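Colleague: Can you walk me through the ligand site? Keep it quick.

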Amino acid sequence: MTEETLFTKIIAGSIPSDKVYEDEEFCAFRDINPAAPCHVLIVPKKVIPKISDAQPEDAALLGRLLLAANKVAEQLGIAQDGYRYVINCGENGGQEVLHLHLHILGGRRLSWPPG
Ligand code: AMP
(Lines give C-alpha, C1' and ligand atoms only; values in the text may rest on other atoms or scores of the structure.)
Protein backbone atom coordinates (compact mmCIF):
# COMPACT_ATOMS: atom_id res chain seq x y z
CA MET A 1 0.00 0.00 0.00
CA THR A 2 1.21 3.51 -0.83
CA GLU A 3 1.95 5.67 2.19
CA GLU A 4 -0.64 8.44 2.67
CA THR A 5 0.57 12.02 2.85
CA LEU A 6 -1.10 15.41 2.59
CA PHE A 7 -0.07 15.41 -1.04
CA THR A 8 -1.40 11.92 -1.85
CA LYS A 9 -4.75 13.19 -0.54
CA ILE A 10 -4.51 16.29 -2.75
CA ILE A 11 -3.57 14.11 -5.74
CA ALA A 12 -6.54 11.82 -5.02
CA GLY A 13 -8.83 14.85 -4.70
CA SER A 14 -9.91 14.09 -1.11
CA ILE A 15 -8.35 17.44 -0.12
CA PRO A 16 -9.25 20.27 -2.51
CA SER A 17 -6.53 22.08 -4.42
CA ASP A 18 -6.04 24.34 -7.40
CA LYS A 19 -4.48 21.83 -9.80
CA VAL A 20 -2.66 23.23 -12.80
CA TYR A 21 -1.14 20.07 -14.29
CA GLU A 22 -1.41 16.31 -13.99
CA ASP A 23 -0.04 13.33 -15.86
CA GLU A 24 0.49 9.68 -14.95
CA GLU A 25 3.54 10.44 -12.80
CA PHE A 26 3.17 13.99 -11.48
CA CYS A 27 0.62 16.44 -10.16
CA ALA A 28 1.08 20.22 -9.84
CA PHE A 29 -1.12 22.57 -7.82
CA ARG A 30 -0.92 26.10 -6.41
CA ASP A 31 0.70 26.51 -2.99
CA ILE A 32 -1.90 27.45 -0.37
CA ASN A 33 0.50 30.01 1.14
CA PRO A 34 2.24 31.52 -1.88
CA ALA A 35 5.70 33.00 -1.44
CA ALA A 36 5.62 34.64 -4.89
CA PRO A 37 2.89 35.81 -7.30
CA CYS A 38 3.19 32.40 -8.96
CA HIS A 39 3.93 29.51 -6.56
CA VAL A 40 3.15 25.98 -7.67
CA LEU A 41 4.20 22.65 -6.18
CA ILE A 42 4.93 19.75 -8.50
CA VAL A 43 4.79 16.38 -6.79
CA PRO A 44 5.66 12.88 -7.98
CA LYS A 45 2.77 10.51 -7.34
CA LYS A 46 5.32 8.03 -6.04
CA VAL A 47 5.97 8.90 -2.40
CA ILE A 48 9.63 9.64 -1.79
CA PRO A 49 9.61 11.39 1.60
CA LYS A 50 12.74 13.51 1.10
CA ILE A 51 15.08 14.13 -1.82
CA SER A 52 17.77 12.48 0.31
CA ASP A 53 15.69 9.27 0.24
CA ALA A 54 15.87 9.05 -3.57
CA GLN A 55 17.52 5.88 -4.85
CA PRO A 56 19.39 5.13 -8.08
CA GLU A 57 16.18 3.67 -9.53
CA ASP A 58 14.55 7.11 -9.06
CA ALA A 59 17.09 8.86 -11.32
CA ALA A 60 14.87 8.86 -14.41
CA LEU A 61 11.84 9.96 -12.38
CA LEU A 62 13.82 12.92 -11.00
CA GLY A 63 14.87 13.88 -14.52
CA ARG A 64 11.29 13.71 -15.73
CA LEU A 65 10.22 15.80 -12.70
CA LEU A 66 12.43 18.66 -13.90
CA LEU A 67 11.17 18.34 -17.47
CA ALA A 68 7.54 18.30 -16.28
CA ALA A 69 8.28 21.39 -14.14
CA ASN A 70 9.64 23.15 -17.24
CA LYS A 71 6.37 22.35 -19.00
CA VAL A 72 4.36 23.71 -16.06
CA ALA A 73 6.46 26.91 -15.95
CA GLU A 74 5.73 27.42 -19.66
CA GLN A 75 2.04 26.78 -19.10
CA LEU A 76 1.97 29.27 -16.19
CA GLY A 77 3.48 31.97 -18.39
CA ILE A 78 6.56 32.56 -16.21
CA ALA A 79 9.15 30.81 -18.38
CA GLN A 80 10.23 33.81 -20.41
CA ASP A 81 10.97 36.11 -17.44
CA GLY A 82 12.56 33.34 -15.36
CA TYR A 83 11.69 31.50 -12.22
CA ARG A 84 13.18 29.41 -9.41
CA TYR A 85 12.94 25.76 -8.44
CA VAL A 86 13.34 24.88 -4.74
CA ILE A 87 13.46 21.49 -3.01
CA ASN A 88 13.50 21.76 0.77
CA CYS A 89 15.03 18.78 2.57
CA GLY A 90 14.56 17.94 6.22
CA GLU A 91 14.34 20.20 9.23
CA ASN A 92 17.12 22.66 8.43
CA GLY A 93 15.90 22.82 4.85
CA GLY A 94 12.47 23.88 6.09
CA GLN A 95 10.63 20.84 4.72
CA GLU A 96 7.12 20.61 6.20
CA VAL A 97 5.53 17.92 4.04
CA LEU A 98 7.36 14.59 3.88
CA HIS A 99 6.48 13.86 0.25
CA LEU A 100 9.07 15.05 -2.24
CA HIS A 101 7.97 18.18 -4.09
CA LEU A 102 9.54 20.89 -6.18
CA HIS A 103 8.49 24.50 -5.61
CA ILE A 104 8.10 26.54 -8.81
CA LEU A 105 8.34 30.23 -7.93
CA GLY A 106 8.02 33.15 -10.29
CA GLY A 107 6.09 36.23 -11.29
CA ARG A 108 8.51 38.70 -9.70
CA ARG A 109 12.26 39.20 -9.26
CA LEU A 110 13.27 36.84 -6.42
CA SER A 111 15.99 37.82 -3.95
CA TRP A 112 19.16 35.81 -3.52
CA PRO A 113 20.55 34.39 -1.27
CA PRO A 114 17.48 33.10 0.57
CA GLY A 115 17.17 33.98 4.27
P1 AMP B 1 7.87 22.38 2.22
O2 AMP B 1 8.09 23.35 3.35
O3 AMP B 1 8.95 22.41 1.19
O4 AMP B 1 7.56 20.99 2.73
O5 AMP B 1 6.60 22.91 1.45
C6 AMP B 1 5.31 22.54 1.77
C7 AMP B 1 4.40 23.52 1.09
O8 AMP B 1 3.10 22.98 1.05
C9 AMP B 1 4.31 24.88 1.81
O10 AMP B 1 4.76 25.92 0.93
C11 AMP B 1 2.83 25.01 2.12
O12 AMP B 1 2.34 26.32 1.98
C13 AMP B 1 2.20 24.05 1.12
N14 AMP B 1 0.91 23.52 1.50
C15 AMP B 1 0.55 23.02 2.72
N16 AMP B 1 -0.72 22.58 2.68
C17 AMP B 1 -1.18 22.80 1.41
C18 AMP B 1 -2.41 22.58 0.74
N19 AMP B 1 -3.47 22.02 1.38
N20 AMP B 1 -2.53 22.94 -0.55
C21 AMP B 1 -1.48 23.51 -1.19
N22 AMP B 1 -0.28 23.75 -0.62
C23 AMP B 1 -0.13 23.40 0.66
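Modeller: Start with the shell around the ligand: α1 contributes the most there, three residues. Helices (H or I, at least four residues) and strands (E, at least two) are DSSP runs, numbered from the N terminus. This is a predicted model: local features need pLDDT of at least 70, side-chain atom pairs pLDDT 80 or more, while totals for chains, interfaces and linings use all residues. Residues count from 1 along each chain as its sequence is written, and side-chain values use heavy atoms, without hydrogens or water.

Colleague: How many residues surround the ligand, and which are the closest?

Modeller: There are 16, with D31, N88, E96, H101 and H103 the closest. A residue is near if one of its heavy atoms lies within 4 Å.

Colleague: What polar contacts does the ligand have with N88 and H103?

Modeller: A ligand oxygen is 2.8 Å from a side-chain N or O atom of N88. For H103, a side-chain N or O atom is also 2.8 Å from a ligand oxygen. A polar contact is a pair of N or O atoms within 3.5 Å; within protein, one must be able to donate a hydrogen and the other to accept it, and residues adjacent in sequence count only if both atoms are side-chain atoms.

Colleague: Switching to H103: where is it, and is it buried or exposed?

Modeller: H103 is in strand β5, residues 102-106. H103 is buried, because its relative accessible area is 11%; buried means under 20%, exposed over 50%, partly exposed in between (1.4 Å probe, protein chains only).

Colleague: Which side chain does H103 join in a polar contact?

Modeller: H39, at 2.8 Å.
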